[in-house]
Amino acid sequence: MINLELSKKLQAAQNQANQVAMQIFRPVSRKYDLAEHEYPKELDTLAALMSGMEDGGQAAAGAAGGRGNKEAKGNQNGGNMMSLLNVMETCFGDVGLTLSVPYQGLGNSAIAAVADDEQLQRFGKVWASMAITEPSFGSDSAAVSTTAKLEGDEYVINGTKIFITSGSRADHIVVWATVDKSAGRAAIKSFVVPFDHPGVHLDRLEHKLGIKASDTAQITFDNCRVPKENLLGDPEVRTDKGFAGAMQTFDNTRPLVAGMAVGVARAALEEIRNLITEAGYEIDYDIPSNQQPAVVAKYIELESDWESAYLLTLRAAWMADNKLPNTKEASMCKAKAGRTGSAVTLGAVELAGSYGYSEHSLLEKWSRDSKILDIFEGTQQIQQLVIARRVLDLNSSQLK
């Protein structure tokens with residue numbers, strides 16, 4: 001059974017991440033929102049700190065941090081929970097800067113999910129972005145058309161990927177490609193490709209509504225050759241398993257994205273709570289909402305919505321640490337937290353009125369930043385589809 005009381009180790013990691021949020025991220029949050037694509041130099045110091053923590057066995061990021069402990073027995077709060085608490089706190093400071101932290105790319109979670117022990121040793125300390133989406137598809141990950149053809153001891157990768165978070169800054173890219181188009185989903189595999197490798201071309205950086213501190217890239221792979229050992233996990237095309245190995249990545253990354261939404265929503269809640277209190281209203285949980293001022297009742301509604309998203313997200317990460325199948329729960333927390341993040345941050349803007357809509361506070365920025373968290377790593381609609389399939393015990397061909 002899940003224990004919601006954090007261990008001293010997790011509390012210490014959470015406190016450290018909160019200090020990063022308040023002392024490093026918040027002071028420069030507006031600066032890098034206005035200076036889109038400029039690299040946040042303040043992150044170099046943070047990267048050195050996190051590298052030292054990892055060397056000391058206290059990794060809160062990177063592939064090794066999300067791997068979990070195979071030998072652990074009993075009820076565990078391990079690498080997945082630590083990574084989750086870390087992003088919750090840092091996104092309390094700034095989502096875009098969190099996505100820009102070296103060695104904390106979504107590709108690192110992909111490596112943690114499907115790499116074998118030898119690959120984890122080789123790639124455990126790289127900074128990896130993740131390249132899935134293509135110009136011809138968005139949410140349907142099975143529609144991958146980028147190819148990886150085995151020639152001797154190398155795979156030759158060809159195709160174009162879009163919307164790659166940290167695509168121009170990470171030193172490696174986890175690329176989804178098909179090794180046999182005729183085999184369908186089962187042939188989709190993930191490959192680790194160095195960013196500076198021959199055949200890797202950075203096409204452009206995207207201009208975005210939010211998370212402007214983070215770079216989002218389009219990259220083309222043109223006859224890019226990588227050693228066959230860079231294919232993550234099992235190289236065999238197993239039609240009986242579909243592309244479950246590749247999809248297992250999302251069981252790790254979706255709770256993290258949910259945690260990002262939970263973190264930025266909490267920032268908005270605390271800001272609007274302060275404004276409500278300063279305006280002379282008392283937030284009293286012992287009085288029914290219909291007997292309280294409308295602004296207080298709305299705040300309590302937003303806060304209760306946030307609480308449910310928070311608990312669902314903790315559960316999904318805990319299940320991953322305890323080696324319990326969490327595909328449904330990962331999608332549940334992603335769907336709930338993504339929707340809640342947008343509702344809470346926009347609700348806070350509305351409650352603050354013209355002040356919330358202006359750049360005098362970060363409320364309007366948080367509302368812009370939160371929207372992507374309901375889109376990437378699978379849209380709201382895709383999450384509900386995954387959940388429905390699990391609840392109804394139907395496969396993708398039976399429920400589309």
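These legends accompany close-up views of a predicted model.

**Figure 1. The whole chain and its overall dimensions.**
The chain holds 13 helices and seven strands. Along its principal axes, the C-alpha trace spans about 75 × 45 × 45 Å. For 400 residues, a compact globule would have a radius of gyration near 21 Å, and the value for the chain, 21 Å, agrees with this. Residues 24 or more positions apart make up 74% of the contacts with a separation of 6 or more.

**Figure 2. The surface and the charges of the chain.**
Buried residues amount to 55% of the 400 in the chain. The accessible surface is about 17700 Å², and carbon and sulfur atoms contribute 51% of that area. The chain has 40 positive and 50 negative charges, and the mean positions of the two sets lie 4 Å apart. A search of the whole structure gives 21 salt bridges. Three of these pairs are the subject of the next views.

**Figure 3. The salt bridge between D33 and R368.**
The side chains of D33 and R368 form a salt bridge with an N to O distance of 2.8 Å. D33 belongs to helix α1 (residues 8-34) and R368 to helix α12 (residues 363-371), so the pair joins distant parts of the chain, 335 residues apart. Are the two residues buried or exposed? D33 has a relative accessibility of 6%, and it counts as buried because this is under the 20% cut-off. R368 is also buried, with a relative accessible area of 17%. The pair is part of a network of salt bridges that links R30, D33, E364 and R368.

**Figure 4. The salt bridge between E154 and R225.**
In this view the side chains of E154 and R225 meet in a salt bridge, at 3.4 Å from N to O. E154 is in strand β3 (residues 154-165), while R225 is in strand β7 (residues 216-227). The pair links distant parts of the chain, the two residues being 71 residues apart. E154 has a relative accessibility of 31% and counts as partly exposed. R225, with a relative accessible area of 37%, is partly exposed.

**Figure 5. The salt bridge between E303 and R273.**
E303 and R273 form a salt bridge in which the closest N and O atoms are 3.7 Å apart. E303 lies in helix α9 (residues 294-321) and R273 in helix α8 (residues 244-278). Here too the pair links distant parts of the chain, with the two positions 30 residues apart in numbering. R273 is partly exposed, its relative accessible area being 29%.

**Figure 6. Helix α6 and its surroundings.**
How many of the nine residues of helix α6 (residues 106-114) are buried? Nine of the nine are, so the helix is largely enclosed by the rest of the structure. Among the buried residues of α6 are L106, N108, I111 and V114.

**Figure 7. Helix α12 and its buried residues.**
Eight of the nine residues of α12 are buried, so this helix is largely enclosed by the rest of the structure. The buried residues include L363, K365, W366, S367, D369 and S370. E364 and R368 are on the list of buried residues as well, and both belong to the network of salt bridges with R30 and D33.

Terms used: Residues are numbered from 1 along each chain as its sequence is written. This is a predicted model: local features need pLDDT of at least 70, side-chain atom pairs count only at pLDDT 80 or more; totals for chains, interfaces and linings use all residues. Side-chain values use heavy atoms; hydrogens and water are left out. Helices (H or I, at least four residues) and strands (E, at least two) are DSSP runs, numbered from the N terminus. The radius of gyration is taken over C-alpha atoms; the globule rule is 2.2 Å times the number of residues to the power 0.38. Buried means under 20% relative accessible area, exposed over 50%, partly exposed in between (1.4 Å probe, protein chains only). Contact means heavy atoms within 4.5 Å. Accessible areas come from the Shrake-Rupley method with a 1.4 Å probe; for residues, only the protein chains shown count as cover. Lys and Arg count as positive and Asp and Glu as negative; His and the chain ends are not counted. The place of a charge is taken as NZ of Lys, CZ of Arg, CG of Asp or CD of Glu. A salt bridge is a side-chain nitrogen of Lys or Arg within 4 Å of a carboxyl oxygen of Asp or Glu.
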